[in-house]
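Colleague: Could you walk me through some side-chain pairings and a pocket here? I'd love to follow your reasoning.

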Amino acid sequence: MAKRNSEPPLVRIIKWLFPRLERIAPFITDSIFRLAFIVPARYKSPAKEIAAANEATLSTIVVAGKRVQIYSWGDESHPYVLLVHGWAGRATQFRKFIAPLKEAGYRVIGFDGPAHGKSEGRATSMRGFEESLIKIFAKYSEPEAIVTHSFGGGAVLYAGSRGLKFPTLINIATPYVEEEIFKTYLRALGASSTSMQKFKDHVVKSEGHPFAEFTGSHTIKLLPAPIRLLLIQDEEDTEVPIINAEALLKIYPSATLHRTKGLGHTRILKDDRVILECVAFIRRGGHTS
């Protein structure tokens, strides 16, 4: 039986249309390429994620005038671990982390980033995630640790480079290298390097800084204090190749790199050994016995 395509129809249309439009109407594809960096696709939550959401205590914060959904699992008196999902993701993608973290003595808090999951909005950026993190820290205090996936790890490092302090960070399948990030988008859209260069020029013009200064390989150098950092990366991840983690390890040699094989980019969040490694790393640096 053929594998069902879970991508939203709009995503499939753009992937088919983009390389054709790029040849005949580049002014249109320039706009699409920019939108790909600020407008996340929304995917349906599977039944097990819906069940995890139903077990959470729900609350909200407001970021840029839009409601951001917060989920909390576990005893409010316990130190908490913050979960930060990736681009086009949701907090409940970490559902298998919840029970092991609670059993280890932690409260678990996650959020759907702006324009993601159950949160409001259509577009966001690292700045939207940064503002969310700042407000969550203000609401719940500093977490014992942060566990991220993909884009979420870059967003946390960006916030850290601008003053947000946290002691322990676990980044799973996170991109850090500018050229590797662009390769992912070029593959996803069927775009050429011409679109990439135009986007780079647009970032400099609109933000006043090159795109490279928003990547983890740059922002990690600007953290206000040393952190405990665990990098988890699958050797067969085609979306975020392991070269990203290897590059960051050279820049931040005190980090630990945990390699997996055969889990890819998203199934890695469901692997029991990965989850146990995360919990053990947090406990080694924390206060929970």
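Colleague: Is Lys200 buried or exposed?
Modeller: Happy to help, keeping in mind that this is a predicted model. The relative accessible area of Lys200 is 15%. Buried means under 20%, so Lys200 counts as buried.

Colleague: Which residues are joined with Lys200 into one network by salt bridges that share partners?
Modeller: Let's start with Glu179, which forms a salt bridge with Lys200, the closest N and O atoms being 2.8 Å apart. Glu179 sits in helix H7 and Lys200 in helix H8, so this pair ties together parts 21 residues apart in sequence. Through shared partners, salt bridges join Lys200 into one network with Glu178 and Glu179.

Colleague: How many residues apart are Glu207 and Arg127?
Modeller: Their side chains meet in a salt bridge, at 2.5 Å from N to O. Glu207 belongs to helix H8 and Arg127 to helix H5, so the pair links distant parts of the chain, with a separation of 80 residues.

Colleague: Which residue forms a salt bridge with Arg67?
Modeller: Arg67 lies in strand E2, and the partner is in the loop between strand E4 and helix H5, 53 residues apart. The closest N and O atoms of the pair are 3.8 Å apart. That partner is Glu120.

Colleague: Which element gives the largest share of the lining of the second largest pocket?
Modeller: This pocket holds about 290 Å³ of space and is lined by 19 residues. Helix H3 and strand E2 are the elements that give two or more residues to the lining. The largest share, three residues, comes from H3.

Technical notes. Residues are numbered from 1 along each chain as its sequence is written. This is a predicted model: local features need pLDDT of at least 70, side-chain atom pairs count only at pLDDT 80 or more; totals for chains, interfaces and linings use all residues. Side-chain values use heavy atoms; hydrogens and water are left out. On a 1 Å grid over the protein atoms alone, a cavity is a set of points where a 1.4 Å probe fits but cannot get out, and a pocket is an open set with protein on both sides within 12 Å along at least five of seven lines; lining residues have an atom within 4 Å of a point. Grid points are joined across faces, edges and corners, and a volume is the space filled by probe spheres set on the points. Helices (H or I, at least four residues) and strands (E, at least two) are DSSP runs, numbered from the N terminus. A salt bridge is a side-chain nitrogen of Lys or Arg within 4 Å of a carboxyl oxygen of Asp or Glu. Buried means under 20% relative accessible area, exposed over 50%, partly exposed in between (1.4 Å probe, protein chains only).
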